[in-house]
Amino acid sequence: MSKQAPRARTPAPPPAELFGRQRELASARELFSGARLVTLTGPGGVGKTALSTALSATLGRAFRDGRWFVELGAQRSSDTVAEAVVTQLGLGTLTTMDAEEQLRRHVADRSMLLILDNCEHVLPGCRRLLSALLSACTELRVLTTSREPLGIRGERVVAVRPLAVPPGHREVTAEELREYPAAAMLEARAKAVNDQFEITEHTAAAVARLCAYLDGMPLAIELAAVRLRSLSVHELLANLDDRFALLASGDPTDAPHHRSLDALVRWSYDLCSPNEQLLWERMAVFSGSADLPAIRAVCGLPPLDSIKLLDALDGLVSKSVVLTEIVQGDMRYRFLETLRDFAREQARNSEDHGRARQAHTAYYRSWAKHAADSFFGPDQAVIARRWECDHNNFELAFDDLLRAAGGSHGALELAANLRFWWMSGHLREGRRWLERALAADTTACAERGNALWAAAWFEALHSETRIAQDFLDEAGTIATAIGDPQIAARASTWAGLTALVAGDFEASRSALEAAYTGHREQEDAEGLLMTSFLLGLIRSISGDHAGAAAAGLEAIERSERLGDTWGRSYSLWMLGFDAWTRQDLDVAGEYARQCLTLRWDYHDDFGSAVALHLLAGITLDQGDPRTAAKLLGIVADQLTIIDAEVPGWLGSRYLEITSAARERLGDDTFIRQRNIGRRLDRGQRMRLALGPGAEMPPDQPDTVASADLLTPREKEVAALLAEGLSNRAIATKLVLSPRTVEAHVEHILTKLSVGSRTEAGLWAATTLGKKP
């Protein structure tokens, strides 16, 4: 048989831009240096074919006999895979030899790359053929795309994920938006059908929402871009409630399952086993991600009990329907929203879906109660992580409980049981949940009593002391009516806080002392810890420093015995505050830093802001107004993020520190230093607060400047700094305004913790490989 290969069928030329795929491309190239079979896996529409095309283009010269591309999407049987490859390679069918043997002989002694695209629905045939071909030719390399791995010995897998989308928690400028691959792709594809399309400051927020709504999926972005031929971004967003109907105008030359979003997802659904389809539909009741215990509790109803559930979950993961992620050592599972919407539509109004939804609500209500009851113990950090990871699921459960028939009081219970999550930087959201629950269920029950004192807590922290006191009065009435002394004692605790915020120190002390007695009688660990902290604070304010120290040390001893760190951090803050008022600045600083270190573990923006505020006052009194101003900048940024203020009397101290720092530095210097603080990243903030010689908490990455600290645009600017260019010269070269370049340079200096353009240029020369 001739060794001359026929003209190979190749895919379309690779796109000019890879839109953030450089990492996957590099990973696959590296794998080919030691592996003979590489598979690109990922959900349908994620861009596996485009990446394989780009990869084959970069590898083409490495193979003497070229590269062959075979599309298997139209195949309906594994038995015809070999015939399809023969046909698409133009070899011609031989009646005297089966197709597999013909291919074995053809690839023998050839150096070539074979690309099989869309293997997922004919996996058995692909496995048989490739096992035979790889055995027949040692120089053959194979690249496949599939929604699940082939499972052949020696196969290496590259997971292709959706494109990065802009953050949902903050707005980005048009220029920043283009640095996110999903937005860059949307703009490029939209320009191809509408040359007037451009991301502007007016449309940036809408483009960011659109990219997030489309999950960063390239196919969905392609289909949406076609609609931007006749709709504005805002109009497209307004009509995306039914994304499957709207995103159905693909390229007619594409494979059928790539012409619309609905066809693409249904293709994936049809490839799943009945148990996998059932689990897909049941898991659609989750919002965001879920861990295995939650999936077992919610989805493990017959017939998906025991090992059948795990087998179905493994199947969905292997088919890239369910994506996995490791969050602080724990495995979590999530859908792309497109796949979740499809499953919800499939299961709509079914009895099974209703049972799964009820199980979901019951599970998260029960889990929140357990978390609240056991929060002051050794599992605190685990509970805090679950709150953060499962926030969307708690919200879904809360909405269901609000709509539930009267009598369950579930919304009241859930909103109150998440109180420590609300305190960790979600004050306004907690306040809204509690207000909604209280308005929906007015029954005089224990759940309402607990929700009332929790709501009073958050109202007081927003300086709404009159509303807080009204809530507490009603809680006290309910406690008396149903005979619940714990509700009465906890209402007294937050009455003490309310009076403290209002500046009535005597009333605050009286309420807290009564609460302390009640908590002792009830042996209520939560009540004792929170009351001791507040009692110590009011004693310190009143000049009773010995009493403040006694209350703080008692709370710390109790929290250590329980394994608690959250309550302990607030007691440390109180002791630091007391030492500061006595001008024992070294002791005050030590307490404040211990408090901050513990708060950091919980990503507690409110508690951290309060601790940093105290450190700013201490630092100012130690004669360092510049550092104090930076710390105040961090406080301002964190309070802005959580949309909160330092409440009442404590807020007046915050203003006093701010005014004193501004007076010592002058307006311009103070504002400049405060803005530096606002722009520091998380690790840099911790280093500033703890001091240069302090040891970072174990979960904090070392913030010695690395390339990952800078955005792609900032790296470009830093590279040009290394060449010695001025801001105006950089602006000309990058087609930016000088003011924009100035802002980039300022960000670079702050992120790298360097003081000059020269230092930044030297960093770029070392880290980015640019010559100074």
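These legends describe close-up views of a predicted model.

**View 1. An open sheet of three strands, in the order β6-β8-β7.** Pairing in this sheet is antiparallel. The edge strands are β6, residues 289-291, and β7, residues 323-327. Each of these two pairs on one side only. From one strand to the next, the twist averages 40°.

**View 2. The pairing of β7 with β8.** Strand β8 covers residues 330-334. Five bridges join β7 and β8, in the antiparallel sense. One residue pair can be picked out: T324 has Y333, in β8, as its bridge partner.

**View 3. Helix α18 across the sheet strands β6, β7 and β8.** The helix spans residues 380-389. Its direction makes an angle of about 15° with β8.

**View 4. The largest cavity, with about 280 Å³ of space.** The structure holds five cavities of 30 Å³ or more. Which residues lie nearest the centre of the largest cavity? They are L461, L497, F533, L534 and L650, out of 19 that line the cavity.

**View 5. Helices and residue classes around the largest cavity.** Each of the following supplies at least two lining residues:

- α23 (446-461) and α25 (485-502)
- α27 (525-541) and α29 (566-581)
- α31 (605-621) and α33 (648-665)

How does the lining divide by class? It has 19 nonpolar residues, no polar residues and no charged residues.

Note on methods:
Residues are numbered from 1 along each chain as its sequence is written. This is a predicted model: local features need pLDDT of at least 70, side-chain atom pairs count only at pLDDT 80 or more; totals for chains, interfaces and linings use all residues. Side-chain values use heavy atoms; hydrogens and water are left out. Two strands pair if DSSP finds at least two bridges between them. Helices (H or I, at least four residues) and strands (E, at least two) are DSSP runs, numbered from the N terminus. Axes are lines fitted to C-alpha atoms, for helices over the stretch in contact, and angles run from 0 to 180 degrees between N-to-C directions. Contact means heavy atoms within 4.5 Å. On a 1 Å grid over the protein atoms alone, a cavity is a set of points where a 1.4 Å probe fits but cannot get out, and a pocket is an open set with protein on both sides within 12 Å along at least five of seven lines; lining residues have an atom within 4 Å of a point. Grid points are joined across faces, edges and corners, and a volume is the space filled by probe spheres set on the points. Ala, Val, Leu, Ile, Met, Phe, Trp, Tyr, Cys and Pro count as nonpolar, Asp, Glu, Lys and Arg as charged, and the others, Gly among them, as polar.
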